[in-house]
Structures are given as C-alpha cells and as structure tokens.
Amino acid sequence: TAPSNVRWSLDGKTIYFDWNPENTTSDSLYKISLSDRKPQKVSKQERMNLPSGNGLFNKTYTQYLYEKNGDIY
C-alpha cells in the first residue's frame with residue numbers, strides 16, 4: 001500500500017508518514033531524512049516525543065503551539 005498522512009518535521013529535515021510495507025493489520029509510522037533516504041520505522045520512544053501534527057505556527061513561524069496528552073506546548 002502507498003504511504004499516507006505524509007508530513008514534514010518542524011525543522012524541515014525529516015518526512016514522516018504512515019505505511020504498511022509488511023502488510024500487517026495496521027500502518028506504522030515511518031520516516032525519511034534528508035541525509036538518509038531509506039525509510040525507517042519510527043521507534044515507540046521517538047513517536048511519543050514527536051509534537052502533535054495538529055498545531056499552529058505564529059505569524060512569523062518562529063513558535064509552534066500544540067496539544068499533546070491534554071497539555072499545551
């Protein structure tokens with residue numbers, strides 16, 4: 001299946017996406033960085049530390065506001 005939910009990291013150096021190349025019951029989170037273009041499965045620890053993709057930047061794109069697990073960052 002093709003990757004879905006494709007998004008850039010906040011620093012613009014990594015692309016994250018949901019993918020299921022092993023044809024398991026559900027998709028997993030993968031990433032490709034500018035320095036290593038081989039898709040890598042994102043570890044549980046890294047996934048837990050990622051900011052929510054549903055945040056907002058300020059007008060000058062210098063700050064990012066998001067909610068995660070009921071907390072605002």
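1. Two strands are taken to pair if DSSP finds at least two bridges between them. In this predicted model, six bridges join strand β2 (residues 14-19) to strand β3 (residues 28-33), and the two run antiparallel. One of the facing positions is Y16, which stands opposite K31 in β3.

2. The overall layout may be set out next. The protein chain has one helix and eight strands. Read along the sequence, these elements follow the pattern β-β-β-β-α-β-β-β-β. The C-alpha trace spans about 40 × 30 × 20 Å along its principal axes. Of the 73 residues in the chain, 22% are buried. Among contacts between residues at least 6 apart in sequence, 6% join residues at least 24 apart.

3. How are the four strands of the open sheet ordered? The order is β1-β2-β3-β4, with antiparallel pairing. Strands β1 and β4 (40-41) stand at the edges, and each has a single partner strand, so one side of each is left without a neighbour in the sheet. As general background, strands of a sheet pair through backbone hydrogen bonds, either parallel or antiparallel.

4. The pairing of β1 with β2 deserves its own point. Three bridges join these two antiparallel strands. The bridge partner of S4 in β2 is D18, and W8 has I15 as its bridge partner in β2. The hairpin of β1 and β2 has five residues between the strands, and within this hairpin G12 takes a positive phi near 75 degrees.

5. On the other side of the sheet order, β3 and β4 are joined by two bridges and run antiparallel. These two strands form a hairpin with six residues between them. K31 stands opposite Q40 in β4. K31 is also the residue that Y16 stands opposite.

6. F17 offers a view of the surroundings of strand β2, in which it lies. Is F17 buried or exposed? With a relative accessibility of 5%, F17 counts as buried, because the cut-off for that class is under 20%. Leaving aside neighbours within four places in sequence, F17 is in contact with P3, S4, N5, V6, R7, S28, L29, Y30, K31, I32 and P39. One of these residues, I32, is 15 residues from F17 in sequence. The C-alpha atoms of F17 and I32 are 8.6 Å apart in space.

7. Two residues call for attention in the backbone. Most residues other than glycine have a negative phi. N5 has a positive phi of about 50 degrees although it is not a glycine. N5 is found in strand β1, and with a relative accessible area of 47% it is partly exposed. Y61 likewise is not a glycine, yet has a positive phi of about 55 degrees. Y61 is found in the loop between β5 (56-57) and β6 (64-65). Its relative accessible area is 61%, and Y61 is therefore exposed, the cut-off being over 50%.

8. The aromatic side chains form a further topic. The count comes to seven aromatic pairs. In one of them, the rings of Y64 and Y66 have their centres 5.6 Å apart and their planes at 35 degrees, so the pair is tilted. Both Y64 and Y66 are buried. Which residues do ring pairs link into a cluster? The cluster consists of F57, Y61, Y64, Y66 and Y73. Within this cluster, Y61 is exposed, whereas Y64 and Y66 are buried.

9. The largest pocket has a volume of about 340 Å³. Its lining has 14 residues, of which R7, L50, P51, S52 and G53 are the closest to the centre. Which strand gives the most to this lining? Strand β1 (residues 4-8) does, with three residues. By residue class, the lining divides into seven nonpolar, five polar and two charged. R7, among the residues closest to the pocket centre, is also in contact with F17.

Conventions:
Residues are numbered from 1 along each chain as its sequence is written. This is a predicted model: local features need pLDDT of at least 70, side-chain atom pairs count only at pLDDT 80 or more; totals for chains, interfaces and linings use all residues. Side-chain values use heavy atoms; hydrogens and water are left out. On a 1 Å grid over the protein atoms alone, a cavity is a set of points where a 1.4 Å probe fits but cannot get out, and a pocket is an open set with protein on both sides within 12 Å along at least five of seven lines; lining residues have an atom within 4 Å of a point. Grid points are joined across faces, edges and corners, and a volume is the space filled by probe spheres set on the points. Ala, Val, Leu, Ile, Met, Phe, Trp, Tyr, Cys and Pro count as nonpolar, Asp, Glu, Lys and Arg as charged, and the others, Gly among them, as polar. Rings of Phe, Tyr and Trp (its six-membered ring) pair if their centres lie within 6.5 Å; planes under 30 degrees apart count as stacked, over 60 as edge-to-face and the rest as tilted. Buried means under 20% relative accessible area, exposed over 50%, partly exposed in between (1.4 Å probe, protein chains only). Contact means heavy atoms within 4.5 Å.
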